[in-house]
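Q: Could you take a close look at one buried spot in this protein and then show me how it sits within the whole chain? I would like the cut-offs spelled out as you go.

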Amino acid sequence: MENYSLPQGSYFLGFDSSTQSLKATVLDASLNIVAKEIVNFDSGLPHYNTKDGVHRDPSVNGRIVSPTIMWVEALDLILHRLQKSNFDFGKVVAVSGSGQQHGSVYWKNGSSELLSSLDPKKTMVSQLGDSFSVKESPIWMDSSTTEQCKAIEKAVGGALELSKLTGSRAYERFTGPQIRRIFETQTEAYENTERISLVSSFMASLLVGSYACIDQTDGAGMNLMDIKERDWSKTVLEVTAPGLEKKLGKLVPAYAVAGSIAPYFVERYHFDKNCLIVQWSGDNPNSLAGLTLNSPGDLAISLGTSDTVFGITAEHKPCLEGHVFPNPVDIKGYMVMLCYKNGSLTREDIRNKCADKSWDVFNSFLQQTQPLNGGKLGFYYKDHEITPPLPVGYHRYVLENFNENTLDGVKEREVTEFDAASEVRALVEGQFLSMRAHAERFGMPSPPKRIIATGGASANNSILSSAASIFGCNVYKIESSDSASMGAALRAAHGWLCNEKGNFVPISCMYIDKLQETSLKCTLAVAAGDEGLTSKYGLLMKKRAEIENGLVQKLGRM
């Protein structure tokens, strides 16, 4: 039997460069967590004046960006903090990472030379400040590219044709429309750009000291890659911006090695010079790895700055909502995903307004209100929503004649407010009802065999209880809510193993038969609600979907 064990005494370092922070998780050869660190952008790097890690542009509707150089300084700082904790970088044999999906970085002409010759006596931030032709990176929260999306869809024959080709219709946050907007509004900056990176490949580039490739999984979140060929689509490149393929570089599998760690890190932090940098990928693909999601009947729900619902499938079915990416830890299958912009920040907004800024009060409201909320339904969009494409706004409805068993005679009446407790329940139920409705429409399993929850709000069992009742299945979670950075550490080990064997090996080879002895193990958080209640939620979901469709027809942005 082939040996798939990892070298004893070795470490695998995973990063997650997310919207609000940079996290690090270190796994040992037994796949147990041995170290963690975090840099919160707002509090750890206050001189960038970000709120929730971003800048919202008041002069351009929907424009949301982050200072590119902030991500460089965050890497400086997190490595410094690990060093101060006496972490032994010399034991790290492989590093990988996760980046918030879709965000883009624009390297100025001539920056590759500077990147390859950094002085280890100085911080990176002090040397790379003038390396970017666009100083602020558009990120996944941005929705300023509506017109570019329409133009790209029209040029390739429509939204479904683009979905068939790239795995998604045009989305405002996707990198292709963002690049087109940069080309149209900042032509000189575009022409002064020698490489365009995703957040994931940007961070990997810092670590290898040269431009790292974009991986095929994160590359699928750009509206630029042929999903079946796993290579750039010349059709879409041509209608996006001129000379784009040269600026993007090549695509490679997520398990590939980007290179050895740059001498800068060997000299400054005492990494081993043979330490491998495995391709970084997107945050949701890394979460899929960290949650060991490998059954088509399972669903994962990530409750973070954005909320996402994702699973795996063997085939790509074009659709006008949701996304299809290559599975980051499988060479044949796909990852399917729905994304909601209004996640934790919207939950915090309602908590602050209705629950005295206290999660304890928020949870007590959830516990003291009845499931189904007496027919009170809410739609809460602090930011322009992705699923469905609705603008900022809160909408509340009371269902009249709702007896929980039929929709006959039920009519909705719009109201301006709920009592505080009902508002909290309407928010939480509304978010999960929307997830269930869109997941079913997208062809995800219904009911799922199980849900694995991750992200910050997965620590809140009161919230997870609603998910269990609405979806009608058990909800599990893993030891760490940071599944993206843990998934990145696991992918570092997987990339190291594939490189060692000289070919792709299934990621499960590293933990099969011993999952419960690792930090990857799942534990039951909340048991499924009773089937009768789930069925009643099905009726409520159907009515909510009707109201949502009406809102989209009246207010929809796409």
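A: Happy to; here is the part around Ser197, followed by the cores and the overall chain.

This is a predicted model, in which local features need pLDDT of at least 70 and side-chain atom pairs count only at pLDDT 80 or more, while totals for chains, interfaces and linings use all residues. Residues are numbered from 1 along each chain as its sequence is written, and side-chain values use heavy atoms, with hydrogens and water left out.

Ser197 belongs to strand E9 (residues 193-198); helices (H or I, at least four residues) and strands (E, at least two) are DSSP runs, numbered from the N terminus. Its relative accessibility is 1%, so Ser197 counts as buried, a label that means under 20% relative accessible area with a 1.4 Å probe and protein chains only. Setting aside neighbours within four places in sequence, Ser197 is in contact with Gly103, Ser104, Val105, Trp107, Phe202 and Ser205, where contact means heavy atoms within 4.5 Å. Gly103 lies 94 residues from Ser197 along the chain, yet their C-alpha atoms are separated by 8.5 Å.

Such long-range pairing is well represented in the chain: of the contacts with a separation of 6 or more, 73% link residues 24 or more positions apart.

Now to the cores. A nonpolar core is a set of buried Ala, Val, Leu, Ile, Met, Phe, Trp, Tyr and Cys residues joined through side-chain atoms within 4.5 Å. The largest has 126 residues, and Ile179, Leu224, Trp232, Leu248, Phe432 and Phe471 touch the most other members. Helix H17 (residues 420-441) gives this core its largest share, ten residues. Leaving out residues up to four places away in sequence, Phe432 touches Ile301, Leu303, Ile463, Ser466, Ala467, Ile470 and Phe471. Another core, of 56 residues, lies apart from that one and includes Tyr11, Trp71, Phe89 and Val208.

Helix H7 (residues 175-185) is mostly covered, with eight of its eleven residues buried. Among those buried in H7 are Gly176, Pro177, Ile179 and Ile182.

Stepping back, the chain holds 20 helices and 26 strands, and 63% of its 558 residues count as buried. The C-alpha trace spans about 70 × 55 × 45 Å along its principal axes. The radius of gyration is 23 Å, which agrees with the value near 24 Å for a compact globule of 558 residues; this radius is taken over C-alpha atoms, and the globule rule is 2.2 Å times the number of residues to the power 0.38.

Terms used:
Buried means under 20% relative accessible area, exposed over 50%, partly exposed in between (1.4 Å probe, protein chains only).
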